[in-house]
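User: I am new to this structure. Please take a close look at one part of it, the interior, and show me how the pieces around it fit in.

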Amino acid sequence: MIDLFKNSIDISIKDFPKKLTINEEIFGTIQLMRQATKKDSNERWAYVGIKNDKLVVSKLYKGTNNQVPTSKRFTLLQEAENNGIKVIGDIHTHPADILSKIVTKILHIKVYHGFSIEDLNGFLHSETENKFMFLVEANKILLIFKTREFKNKDWQIKSNWANKLYGIRITQEFSKRFHLALYESENEEYLMRVL
Ligand SMILES: [Zn+2]
């Protein structure tokens, strides 16, 4: 998994595996994050990097109910760089909204929403050259990778086309349009490829 994480941008989208087991350290972080977010409804964020060819997962950073501010993330990324860590991706949570909680509790339907427009735009325009991004929701884990086709394509986000979309459709439309490999998991230690 570490190789895929490091080199996703050199791998063709057709060669991404159907099933992916989440690295133990990342999965541990995901579980801690989900618990923390469930408790106080604040987002959590952590980066994943490489140091001396080993995968490094940062500690959890607490944000507000809808973000971990860019300025805070920037400071933490600077710290990582100063410590010789090359950041290659990140993980963040989204607190469940009240409606989703009610639907899940009463109808036993596990609602999830996917990445936000801000998440996806930030990822595509990432100055940190992030190759992947995890999203942890109450009922789902999502993961997107940049691929070789993403790297080679001269893509541009046309204004407003995405505003018509919502929820999980934004994630799917972005993935298709920008050649991102999309995975999801029902909170299991493995992810299945969706796109
Ligand atoms: Zn988000």
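Analyst: Helices and strands here are DSSP runs, numbered from the N terminus (H or I, at least four residues, for helices; E, at least two, for strands). The model is predicted, so local features need pLDDT of at least 70 and side-chain atom pairs count only at pLDDT 80 or more, while totals for chains, interfaces and linings use all residues. Numbering starts from 1 along each chain as its sequence is written.

First, the whole chain. It has seven helices and nine strands. Its C-alpha trace spans about 45 × 35 × 30 Å along the principal axes. Of its 195 residues, 31% count as buried. Buried means 20 or more other C-beta atoms within 10 Å, exposed means 12 or fewer, and partly exposed lies in between; C-beta atoms are placed from the backbone. Contacts, meaning such C-beta atoms within 7 Å, often bridge long stretches of sequence. Among those between residues at least 6 apart, 67% join residues at least 24 apart.

Now the interior. The largest nonpolar core has 34 residues. A nonpolar core is a set of buried Ala, Val, Leu, Ile, Met, Phe, Trp, Tyr and Cys residues joined through C-beta atoms within 7 Å. Ile-91, Phe-134, Leu-143 and Ile-144 have the most contacts inside this core. Several elements each supply at least two of its residues: helices α2, α5 and α7, along with strands β2, β5, β6, β7 and β8. In soluble globular proteins, nonpolar side chains tend to be buried together.

Take strand β6 (132-136). Five of its five residues are buried, so β6 is largely enclosed by the rest of the structure. Both of its faces are covered. Phe-132, Phe-134 and Val-136 lie on one side, with Met-133 and Leu-135 on the other.

β6 has partners on two strands. Strands pair if DSSP finds at least two bridges between them. With β5, the pairing is parallel and runs over five bridges. There His-92 stands opposite Leu-135 of β6. With β7, five bridges form in the antiparallel sense. Phe-134 faces Leu-143 of β7 across that pairing. β6 and β7 make a hairpin, with four residues between them.

Ile-91 shows how the core draws in residues from elsewhere in the chain. Setting aside residues up to four places away in sequence, it touches Ile-26, Thr-29, Ile-30, Met-33, Ala-46, Val-48, Phe-134 and Val-136.

Val-48 leads on to another strand pair. It stands opposite Val-57 in β3. Strand β2 (residues 44-51) and strand β3 (residues 54-57) run antiparallel, joined by four bridges. Their hairpin has two residues between the strands, and Asn-52 takes a positive phi near 50° there.

Next, the helix α5 (residues 117-124). Its buried residues are Asp-119, Leu-120 and Phe-123. They cover an arc of only 90° around the axis (from directions to the C-beta atoms), which puts them on the same side of α5. Their cover includes β6 and α7 (168-177).

Asp-119 deserves its own look. It counts as buried because it has 21 C-beta neighbours inside 10 Å. Residues up to four places away aside, Asp-119 touches Met-133 and Leu-135. Its C-alpha is 9.7 Å from that of Gln-67, although the two are 52 residues apart along the chain.

Other parts are less enclosed. Gln-35 sits in helix α2 (residues 24-40). Its 11 C-beta neighbours inside 10 Å make it exposed. From C-alpha to C-alpha, Gln-35 and Ala-138 are 9.0 Å apart, with their positions 103 residues apart in sequence. Helix α3 has one buried residue among its 13, so α3 lies largely in the open. Gly-84 follows α3 and has a positive phi near 75°.

Finally, two loops. Ser-41 lies in the loop between α2 and β2. Its phi is near 60°, positive in a residue other than glycine. Ser-41 is partly exposed because 15 C-beta neighbours lie inside 10 Å. His-179 belongs to the loop between α7 and β8. Its phi is also positive, about 60°, although it is not a glycine. With 19 other C-beta atoms within 10 Å, His-179 is partly exposed.

Conventions: Contact = placed C-beta atoms within 7 Å.
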